[in-house]
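Subject: Structure for you to look at

Hello,

Here is the structure I said I would pass on. Please open it first, then read my notes underneath.

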Amino acid sequence: MTDLDGTLIALSDPTRRGVIDLLRRKPRRAGELSAALEMSPAAMSRHLRVLRTHGLVEEDHAGPDARVRIYRLRREPFRELRKWLDDVEVFWAGELESFRRHAERTRGPGKGRS
Amino acid sequence: MTGTGDAASVSVLVRVAPADAFDVFTREIDLWWKQGPQFRIAGRRRGQLFFECGAGGRLFETFESARGPRTFEVGKVTLWDPPRRLELEWRGVNFKPGEKTSVEVTFAQSASGTLVTVRHRGWSSLPEDHPVRHGLVGPAFSRMIGLWWGQLMTSLREHVETRR
């Protein structure tokens, strides 16, 4: 499994995408996340573990209370996804360039209509 | 190249009239669509792409396999409005029945020719539990247009773009 697969698996669940949405704005405590998404702390904990395992989020204990875990997004997986999506556009850009060359060669300026 | 949310969008300016651009894009697709395993299911085998004109027409590829001639239907034309616009369904090689994305192609007249724009969208309509799997046939092909990663793309593009 590649990192990209892992990222996609982690994002394949609506709750986890909700977590990502919330963390995009600012780092949050697990309790805030479970309250915002109306989910039990235990269930949220399982989702956070998946996100952590695949490297989408990280936790730190750096707050005023060392027992409280703060979750934040990691940037790297999103860069990789962006690259994948760019590949889709690169694919079409290549086809359209091939289309343009063929069309101009056969129908372009100076060519009769066939 | 930009796209938002659910769509990948790419344009090219071609120095021919819209009617010619539309005609080449459809009837002559086999002449310009790239060859090779990244671009065709036939891979290195001899194959041919066909674009049947008119609503309900099919875009399909035929090729010889060890078990004889085979056909893969990419999708059917859902909108046919020459020379301005066409839309068709787009299925990757390992989409399940019923799973599809859509491709819209517009042909806009400009001073020097025609601006052709492809918008590939519909990832969000793929089911949430769509398997995250690499391709069964032609991994590079799958990677490029195997949009079965589907719905993920919607959220992910939004995430990525807002994080730039």
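Residues 124–164 of chain B have a pLDDT under 50 throughout. The model still has 89 contacts for this stretch beyond four places in sequence. This is a predicted model. Where pLDDT is low, the coordinates should not be read in detail.

Chain B as a whole has a mean pLDDT of 74, with 68% of its residues at 70 or more. Residues 1–6 of chain B are also below 50, and this stretch has 16 contacts beyond near neighbours in sequence.

Next, the sheet. In chain B, seven strands make an open, antiparallel sheet, in the order 1-7-6-5-4-3-2. Its edges are strand 1 (8–14) and strand 2 (47–51) of chain B, each of which pairs on one side only. From one strand to the next, the twist averages 20°.

At one of these edges, strand 2 of chain B pairs with strand 3 (residues 58–65) of chain B in the antiparallel sense, over five bridges. There, Gln48(B) stands opposite Thr62(B) of strand 3 of chain B. Helix 1 (residues 18–27) of chain B packs on the sheet and touches strands 1, 2, 6 (101–110) and 7 (113–121) of chain B. The direction of this helix makes about 155° with that of strand 6 of chain B.

Chain A averages a pLDDT of 82, and 83% of its residues score at least 70. Among the elements of chain A, helix 4 (residues 41–53) has the highest mean pLDDT, 94, and helix 1 (residues 3–10) the lowest, 74.

For the complex, the predictor gives an ipTM of 0.72 and a pTM of 0.61.

Regards

Methods. Residues are numbered from 1 along each chain as its sequence is written. Chains are lettered from A and ligands numbered from 1 in the order in which they are written. This is a predicted model: local features need pLDDT of at least 70, side-chain atom pairs count only at pLDDT 80 or more; totals for chains, interfaces and linings use all residues. pLDDT is the predictor's confidence in each residue, from 0 to 100. Helices (H or I, at least four residues) and strands (E, at least two) are DSSP runs, numbered from the N terminus. Two strands pair if DSSP finds at least two bridges between them. Axes are lines fitted to C-alpha atoms, for helices over the stretch in contact, and angles run from 0 to 180 degrees between N-to-C directions. Two residues are in contact if their C-beta atoms, placed from the backbone, lie within 7 Å.
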